[in-house]
Amino acid sequence: MSKFVSVMQEEPMSIFCRMVIDTKYEDLPSNVINRAKQSILDVTGVMIGGSAMEGIPPVVDLVKDKGGKPETVIPFYGGKVPASEAGLAMGPMSRAMDFAEIHPEGFHCTEHTVPALLAATGLKDKVTGKEFITAFVVGQEIMLRIGIAFKPSKAWTFGMTTGHYIFGSIAAVGKLIGLSQEELENAEGIGREMTQPHDTAMLNPCTLMLKVHQGFIAQDAINACLLARRGITGPRREVLVGPRGYLSFPKWETDPSGLTKGLGEEWNLLNVAMKPYIGCLSAHTSMHGIIEQMGEHNFGAGDIAAIDIDQPPASWRLACTPWEEKMNPQTEYEYQFSLPYLMATAVYDKDVFLTSFTAEAKARQSVRSLMARISAKEDTGLPAWATKLTTTLKDGRKYSKEYFSADVKGSSQNPFTEQELIAKFKRSIPYSAYKLSDTTVDSVIKTILNLEKVDDVVSALLLPLTPM
């Protein structure tokens with residue numbers, strides 16, 4: 001694999017685009033290919049489970065009503081629409097469950113690249129599995145590198161969230177449809193004009209925009225590539241760095257120094273974490289911690305007098321503020337971002353899944369009672385996604401320990417086995433908007449885990465998920 005470095009102080013985006021254009025499937029290390037297939041399997045399962053959740057049918061209805069050139073099928077619903085409109089429909093499915101992958105530093109990724117790529121398959125006569133994997137890998141890597149440089153966890157302290165995702169989605173789509181270096185740089189420049197650090201209003205309180213914005217990113221990424229192919233130019237200088245570059249826009253200090261370091265040899269996608277529970281990542285370490293404490297010290301929910309949780313700044317803002325609202329969530333998404341609800345549910349169920357958000361589950365008095373005995377405070381000394389958990393039992397025993405994101409199942413240090421990942425995938429099947437047979441499910445799993453052998457991704461992967 002070539003190492004991509006700056007030529008005469010190039011803008012980093014130019015280097016990224018050269019890497020996208022020049023990278024071939026044969027250049028990818030086997031561990032990167034395997035991890036890519038696992039990521040695609042994970043987010044496909046999440047899209048299946050999210051396909052019928054609140055907010056998805058209206059978006060699909062809008063896309064179908066608009067009509068247009070029949071390019072890409074809409075999985076779980078059927079019908080063919082323009083590729084960019086298919087991206088608008090598919091993107092929210094990948095986020096609806098809040099169950100997809102996330103990088104501890106670069107944040108959300110796979111739920112952006114895969115829907116955009118699936119939607120873009122309608123722009124070619126045929127997409128092979130090797131082409132799909134290669135486009136996914138280069139798009140994922142660029143998205144993560146820009147995300148890491150952007151420092152998303154720092155953004156939360158300013159009431160902002162990340163807006164860099166479109167860069168990776170454009171790279172993935174541009175690779176898939178065969179843009180030239182100049183076209184791809186223009187497409188990324190167009191993307192630069194469509195993004196900025198977003199505020200967190202969609203999270204406080206949680207609104208459906210939290211999932212719908214995923215669709216806009218897939219839609220915009222495809223449109224940016226198609227516009228560039230038709231000759232529309234975008235800025236190609238100071239796209240990422242420089243006084244007008246994307247990484248100079250935030251109020252906090254970003255770190256562009258590592259953008260292209262080891263590019264083509266080092267792969268950040270290997271460090272992406274798969275979620276073991278539904279809900280905000282900020283709560284995962286705490287949920288892991290309380291379940292571990294209960295097993296290690298042999299106590300149950302009825303033994304707990306109080307749980308005190310210390311949270312780092314980003315987690316505090318995401319899952320703990322305002323505390324009054326987190327103690328009284330109303331919508332499904334508010335429950336997914338409520339640390340006290342997620343913690344109390346984890347105590348009783350040792351799990352948090354879609355069953356945790358039914359009307360019956362949300363009304364449990366046992367959970368509500370335990371929520372009232374949970375408290376949290378901000379601790380600026382804790383690293384991102386860590387937690388300090390102090391559990392006091394009714395008999396006077398007290399257990400206190402710090403837990404870290406690397407401890408949680410699904411992290412790169414504690415990954416799912418293939419069988420565990422398949423089991424996670426299958427949990428989502430009953431919630432699909434389109435009933436899938438066991439034979440279809442097994443076929444889709446086999447297809448993705450052997451994606452490099454597939455001659456036509458649409459026929460092998462997309463059509464089996466689509467009513468005809």
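I started with Lys37, which comes out buried at 6% relative accessibility. The cut-off for buried is under 20%, so 6% puts Lys37 in that class. Worth keeping in mind: this is a predicted model.

**Entry: what does Lys37 pair with?**
I looked for a partner and found Glu452, in a salt bridge with the closest N and O atoms 3.0 Å apart. Lys37 sits in helix α2 (residues 30–50), while Glu452 is in the loop between α19 (438–449) and α20 (457–462), so this pair ties together parts 415 residues apart in sequence.

**Entry: Glu182 and Arg236.**
Next I checked Glu182, whose side chain meets that of Arg236 in a salt bridge at 4.0 Å, N to O. Glu182 belongs to helix α9 (residues 181–192) and Arg236 to the loop between α10 (209–229) and α11 (281–297), so the bridge ties together parts that are 54 residues apart in sequence. I then looked up accessibility for both ends. Glu182 is partly exposed at 47%, and Arg236 is partly exposed as well, at 33%.

**Entry: Lys409 and Glu420.**
I also pulled up Lys409 and Glu420, whose side chains form a salt bridge at 3.0 Å, N to O. Lys409 lies in the loop between β10 (398–403) and α18 (418–427) and Glu420 in helix α18 itself, eleven residues apart. Lys409 has a relative accessible area of 27%, so I noted it as partly exposed. Glu420 is at 33%, so I put down partly exposed there too.

**Entry: which residues share partners?**
Looking for linked bridges, I found Arg95, Asp98, Glu111 and Lys275 joined into one network by salt bridges that share partners. For the whole model I noted a count of 21 salt bridges.

**Entry: how do α5 and α6 cross?**
I switched to helix packing and picked α5 (residues 110–120) and α6 (residues 129–150). Their axes come within 10 Å and cross at roughly 145 degrees. I noted the crossing of α5 past α6 as right-handed. On the α5 side, the contact is made by Thr110, His112, Thr113, Val114, Leu117 and Leu118. On the α6 side I listed Phe132, Ala135, Phe136, Gly139, Gln140 and Met143.

How many of the contact residues are nonpolar, polar and charged? I got seven nonpolar, five polar and no charged for the contact of α5 with α6.

Terms used
Residues are numbered from 1 along each chain as its sequence is written. This is a predicted model: local features need pLDDT of at least 70, side-chain atom pairs count only at pLDDT 80 or more; totals for chains, interfaces and linings use all residues. Side-chain values use heavy atoms; hydrogens and water are left out. Helices (H or I, at least four residues) and strands (E, at least two) are DSSP runs, numbered from the N terminus. Buried means under 20% relative accessible area, exposed over 50%, partly exposed in between (1.4 Å probe, protein chains only). Axes are lines fitted to C-alpha atoms, for helices over the stretch in contact, and angles run from 0 to 180 degrees between N-to-C directions. A crossing is left-handed if the near helix is turned anticlockwise from the far one by less than a right angle, and right-handed if clockwise. Contact means heavy atoms within 4.5 Å. Ala, Val, Leu, Ile, Met, Phe, Trp, Tyr, Cys and Pro count as nonpolar, Asp, Glu, Lys and Arg as charged, and the others, Gly among them, as polar.
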